[in-house]
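Some descriptive terms are worth testing against the values on which they rest. The following dialogue does this for one model.

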Amino acid sequence: MKGLFKSKPRTPAEVVRQTRDLLLYVQRASDTRESKREEKQMSELGKNIRELKSILYGNSESEPVAEACAKLTDEFFKENTLRLLILCLPKLNLEARKDATQVVANLQRQQVQSRLIASDYLEANIDLMDVLISGYENTDMALHYGAMLRECIRHQSVARYVLESQHMKKFFDYIQLPNFDIAADAAATFKELLTRHKSTVAEFLSKNYDWFFAEYNSKLLESSNYITRRQAIKLLGDILLDRSNSAVMTRYVSSRDNLRILMNLLRETSKSIQIEAFHVFKLFAANQNKPTDIIGILIANRSKLLRLFADFKTDKEDQEFEADKAQVVREIASLEPREP
Amino acid sequence: MAHEEEEPKRVVQYPLDLESYKILDKVGASPCAVVYKAVCVPMNSTVVAIKAINLDQAWWWQSKPPPLSHPNVLNALCSFTDDQHLWLVMPFMSAGSLQSIISSSFPDGLSEPCIAIILKQTLTALSFLHTQQHTHRDIKPGNILIDSNGSVKLSFFGLLASIYQALRSTRQGWSTLLADAPYWRAPEVIHSQQGYTVKADIWSFGITALELAHGRPPLSSSNHNNFSKAFKEMVASCLHQDPSKRPSAETLLKHSFFENCGGLDFLVKNVLQGLPSLEQRFKGSKINIHAPLRSKNREVGDSSCSSGRQSIEQRRISSWSFNEDEFELDPVYPTDSTDSVVKKVRFGGETILMETGELIPSLSRQVLEKATQVDYYSEAKNIMSNIEVMVETLVTLMRSLDVQRATVTAGMVQLRGEEGGEVSNEELMAQVIERQRVELENETKSMSELEMELLVLKLQVGSYDGRSCGAD
């Protein structure tokens with residue numbers, strides 16, 4: 001161990017190796033209470049992680065050097081450094097955790113010989129995602145693990161794993177946690193999962209349509225929590241209005257239950273929710289193959305809806321919105337009852 | 001994973017429900033948020049500040065980065081939501097923000113030695129944030145807080161920044177939202193829609209320095225202008241139009257202006273002593289509606305509940321340039337604009353002509369008022385006074401109509417009375433009557449036009465009431 005702490009300038013690979021050795025030590029020494037020796041190892045580890053960060057991000061004197069970054073990345077993923085770092089993160093102090101989070105985030109984007117080797121590593125160690133996601137249940141770790149998680153799901157294969165895992169159901173609860181920071185972080189991850197990789201998302205939504213939208217409606221859109229409803233209706237609009245999800249959209253706007261929920265959101269006192277709800281509601285009205293029961297509901301509520309839209313304005317002039325509104329009004333006004 | 005009780009530092013978790021806090025007093029307010037002094041009952045009644053932000057007025061928000069620990073950065077202790085409000089619990093900084101200190105007790109600005117102490121600590125915080133890959137996005141006197149011992153903290157909540165930032169992501173884009181360029185934003189942030197960089201923070205830092213020195217927006221010339229060369233230079237370097245030419249926070253710290261900077265006790269002695277309490281100041285500020293610093297106005301213009309739209313035709317200010325001699329900002333007008341009202345006039349030239357006394361020509365004052373004073377109150381007041389003027393005009397018109405009608409009637413009577421008189425006289429009278437009738441018609445028309453205007457104004461006032469959102 002003695003030769004480890006020479007103050008000679010070290011290569012990026014050496015810094016990685018030393019970090020790994022220290023992590024191994026910290027992991028093993030988990031049971032003993034803080035001894036002097038352990039403290040020293042900890043502070044050494046903190047310094048190494050900070051050095052990794054400054055190689056990857058540069059510092060006030062120098063910009064990052066691509067070659068050094070590549071060497072570092074290569075060495076980092078050659079062995080199980082990422083797993084060690086993630087598992088030991090709760091033992092590090094706050095500063096070291098933040099540095100480690102930034103290092104892990106940055107590594108996801110580093111290419112070695114024009115390959116994202118982080119993606120390969122994660123595919124082989126996909127169970128690490130389970131650790132990161134369960135971080136939302138731990139107040140101290142949630143924001144660090146959450147930030148790492150969001151970087152990892154930039155890789156399509158990783159996002160697909162998370163989407164199809166049992167964890168997906170837990171997000172409906174995570175985004176309503178009382179701690180706003182953690183809830184907002186989980187919401188950001190949830191949104192990323194459902195919007196970043198178009199084809200994967202479309203496939204996921206088609207396969208899991210029934211349970212996903214049942215949960216989405218009852219837990220999020222009908223939540224008693226304003227913030228949850230507000231974020232959920234916005235995200236729903238983003239999802240349904242995305243061209244790649246057109247099949248899901250068509251299915252969604254053919255359901256009378258969904259229409260009922262959206263019409264309730266249109267009646268909210270919150271302007272922001274009303275406006276977002278309108279962007280989803282317009283899809284029901286614009287649908288050229290409206291099922292009979294949808295037409296029936298729209299006709300039954302025609303005068304109420306038209307009255308609502310008459311006073312419906314955004315705070316700032318928005319021509320697109322006005323055009324959409326005019327079309328919806330025309331569409332509803334011209335509806336004729338159909339024989340069932 | 002066995003990682004219980006390994007926490008070295010961050011131990012205390014503040015409760016996440018409103019019931020645990022007892023609110024004592026209101027100590028600050030902006031259209032979208034209210035700040036309270038409160039105690040956290042389960043935590044031995046620790047005094048805290050709680051900021052309640054109405055999220056219904058934010059376009060969108062985002063999780064904030066993991067908390068940062070730095071002696072000059074003020075973080076939230078915890079945050080939670082309650083219906084439409086986000087509650088941010090923060091340490092209570094007893095001297096409050098510089099915005100509040102200046103508007104209550106230093107209307108002509110702080111002295112240079114005090115400014116140096118404050119700015120140095122602010123820069124330390126900023127430099128720390130920048131090395132952590134964060135941009136602050138909202139450096140202003142209202143976000144620099146002072147504790148009773150004189151220590152300065154820059155408040156930083158990733159969340160707040162995103163509320164403001166969200167303005168740019170609205171559907172109709174950013175440039176149309178504000179008729180004029182807000183002077184506290186770096187020119188590149190306004191003109192290129194590219195992201196916010198650390199150098200934009202430096203611009204706002206320079207503006208903040210000016211505001212501390214003048215005690216008001218650095219647009220109107222203030223009474224004093226005898227600042228040191230080092231100070232002027234330091235500010236000028238921050239306000240370089242080209243962001244790449246602005247120094248980094250770290251470099252700025254080495255500027256000669258910050259050499260021989262005093263200690264915290266100097267600040268306590270020269271600024272904090274005798275300062276009214278935050279509660280008193282807040283109560284006082286309600287009477288003094290026109291706060292001298294921007295934040296009051298600015299938050300209106302800046303947040304999503306802004307009144308951005310105004311129909312007044314005036315010159316648009318496209319950006320601001322720093323005038324180092326005057327130690328203030330000069331507006332710059334678009335040179336290639338299609339707007340016919342725009343003239344290529346710079347105030348520099350005009351001020352020379354004015355020579356003494358009023359350094360700001362009246363034209364510029366109008367523009368400045370528009371740029372800086374868009375708070376609801378004064379706008380509504382303007383409209384109200386407009387209406388008063390309008391009503392007065394209408395009354396006068398009515399009177400003049402009465403007089404004219406009387407003249408016409410008299411003429412008619414005269415006409416009838418002198419039937420069979422000279423034809424020429426009758427012709428004359430007919431001409432007079434004709435003229436009077438035309439005049440009467442014109443007056444009636446203009447009166448109905450004025451009535452229409454009055455109606456429109458009333459409607460506007462009505463919509464103001466509807467829009468005065470979370471201000472109270």
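The exchange below concerns helix geometry, nonpolar cores and confidence in a predicted model.

Student: Why are H11(A) and H12(A) called roughly perpendicular to each other?

Tutor: The axes of helix H11 (residues 180-195) and helix H12 (residues 198-207) of chain A cross at roughly 95° and come within 7 Å. Angles of 65 to 115 degrees count as roughly perpendicular, and the two helices are therefore described in that way.

Student: Which residues of H11(A) and H12(A) meet?

Tutor: From H11(A), Leu193(A), Leu194(A) and Thr195(A) meet Lys198(A), Val201(A), Phe204(A) and Leu205(A) of H12(A). The residues of this contact comprise five nonpolar, one polar and one charged.

Student: What makes Leu236(A) notable in the largest nonpolar core?

Tutor: That core has 124 residues, and Leu236(A) is among the six that touch the most other members, together with Phe171(A), Phe190(A), Leu194(A), Tyr216(A) and Phe281(A). Helix H17 (residues 271-286) of chain A supplies the largest share of the core, nine residues. Leaving aside residues up to four places away in sequence, Leu236(A) touches Phe213(A), Tyr216(A), Leu221(A), Tyr252(A), Leu262(A) and Val280(A).

Student: Where in chain B does pLDDT stay under 50?

Tutor: One such stretch is residues 418-422 of chain B, with one contact beyond four places in sequence. Residues 464-472 of chain B also have pLDDT below 50, yet this stretch has 18 contacts beyond near neighbours in sequence. Where pLDDT is low, the predicted coordinates should not be read in detail. For chain B as a whole, the mean pLDDT is 70, and 60% of its residues reach 70 or more.

Technical notes. Residues numbered from 1 in each chain as written. Chains lettered and ligands numbered in written order. Predicted model: local features only at pLDDT ≥ 70, side-chain atom pairs only at ≥ 80, totals over all residues. Heavy atoms only, no water. pLDDT = per-residue confidence, 0-100. Contact = heavy atoms within 4.5 Å. Core = buried A, V, L, I, M, F, W, Y, C linked by side-chain atoms within 4.5 Å. Buried < 20%, exposed > 50% of the residue type's maximum accessible area, 1.4 Å probe, protein only. Helix = DSSP H or I, 4+ residues; strand = E, 2+ residues; numbered from the N terminus. Axes fitted to C-alpha atoms, helices over the stretch in contact; angles between N-to-C directions. Parallel < 35°, antiparallel > 145°, perpendicular 65-115°, else oblique. Nonpolar A, V, L, I, M, F, W, Y, C, P; charged D, E, K, R; others polar.
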